[in-house]
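Subject: Structure for your review

Hello,

Please find the structure below, with my notes after it. Let me know if anything in the notes is unclear.

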Amino acid sequence: SLRSTEIHLCSSEKVSLICRLLRQSPPGEFRQVVQDLCDLLQDDELVKQEAAHTGARHNKNNFTPVFVNGNTVLLTQYNDLGGNRFFYPQDKFSFEFDHLSGITSKTHLHRVMLDEAELWRGALHKGLNAYVNCHFPAGNCCVFKKSLGKRQMLVACIEAHLYQPSKHWNSLWKSDWTFALTPVMTRVTGIFLLQLHYFRDANLHVTVNKSVSESLHVVDRNQFVTDFVKFVKAEDNKIHTAIMENIQALSEHTWRKNLRRRLPITRTFMNWNELLKNQHPKTSVSRKEVPP
């Protein structure tokens with residue numbers, strides 16, 4: 001028999017372990033990881049204390065959508081006011097969010113200066129939202145203003161997820177697009193992130209990253225919104241096509257050849273009846289032959 005051993009961890013070791021595991025939480029599974037850690041470490045207070053800090057980073061990194069005042073708001077670094085408060089520029093309000101429980105509270109009006117950049121932001125949000133609603137079954141988007149020194153930047157964020165824990169898989173698609181409102185021409189930079197977690201009889205993580213960049217003409221708001229949405233759509237299609245081609249290649253080559261156990265090919269049938277007699281000499285084998 002094996003003697004059970006108990007491992008005692010000091011407080012700093014527990015904190016380090018909790019933070020590392022929480023940072024690895026796949027999209028849509030943060031609360032499950034918190035609960036599992038509470039069960040394993042038997043220290044709910046310490047786990048939830050660290051989860052409150054790590055949860056904010058997790059939600060902002062994954063553009064977690066929150067339903068507030070009839071609107072879906074993305075939690076990002078671009079609308080973070082500090083103190084677990086976020087704002088929604090489209091309807092001009094802010095709210096407090098509990099990253100551990102997922103509960104929103106203390107909703108207030110949030111003043112936004114109605115300048116030229118805000119008019120462009122609103123027009124971009126409207127155009128991008130129409131595209132996302134048409135092409136993503138469960139997609140959300142938000143457009144934010146961001147100051148980079150003296151430059152006024154706009155950031156468009158797209159999030160689409162499908163969480164199927166009952167079927168043992170979760171997935172997230174997100175992208176953000178950053179550019180400055182410069183005359184005549186602006187450089188648009190986009191960053192894609194696709195994450196997939198499959199956890200039935202295995203623990204498979206798939207992560208896809210891609211960056212793109214393109215110069216777009218800036219004439220007026222309507223023209224730029226049309227060109228910007230067209231550019232986003234084209235890049236979305238490219239990465240989707242590339243992913244499907246890679247999955248096809250994976251199915252045809254990796255799964256069929258590389259991951260299968262390599263066995264010698266003799267082109268002969270296995271005599272299962274003889275094998276059973278040799279392995280179990282005292283066991284009577286039915287006279288009925290086992291088909292090859």
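The notes below cover two helices, the cysteines and a run of strands. Please keep in mind that this is a predicted model.

Helices. Helix H4 covers residues 116–135, which makes 20 residues. From first C-alpha to last, H4 reaches 29 Å, close to the expected 28 Å. Its buried residues include Trp120, Arg121, Leu124, His125, Leu128 and Tyr131. Helix H3 (residues 44–61) holds histidine 58. Histidine 58 has a relative accessibility of 10%, so it counts as buried. Beyond its neighbours within four places in sequence, histidine 58 is in contact with Ser25, Pro26, Pro27, Gly28, Phe30 and Thr64.

Cysteines. The disulfide count is zero. Cysteine 157 is in no disulfide: the nearest cysteine sulfur belongs to cysteine 142 and is 7.4 Å away, against a cut-off of 2.5 Å. Cysteine 157 is buried at 0% relative accessible area, whereas cysteine 134 is exposed at 60%.

Strands. S7 (residues 139–148) pairs with S8 (residues 151–164) in the antiparallel sense, over ten bridges. Lysine 146 is placed opposite methionine 153 of S8. Two residues separate S7 and S8 in their hairpin, and glycine 149 in the turn has a positive phi of about 70°. S8 also pairs with S9 (residues 169–180), again antiparallel, over twelve bridges. Here isoleucine 158 faces serine 175 of S9 as its opposite residue. The hairpin of S8 and S9 has four residues between the strands, and histidine 168 takes a positive phi near 70°.

Regards

Notes: Residues are numbered from 1 along each chain as its sequence is written. This is a predicted model: local features need pLDDT of at least 70, side-chain atom pairs count only at pLDDT 80 or more; totals for chains, interfaces and linings use all residues. Side-chain values use heavy atoms; hydrogens and water are left out. The expected span of a helix is 1.5 Å times one less than its number of residues. Buried means under 20% relative accessible area, exposed over 50%, partly exposed in between (1.4 Å probe, protein chains only). Contact means heavy atoms within 4.5 Å. Two strands pair if DSSP finds at least two bridges between them.
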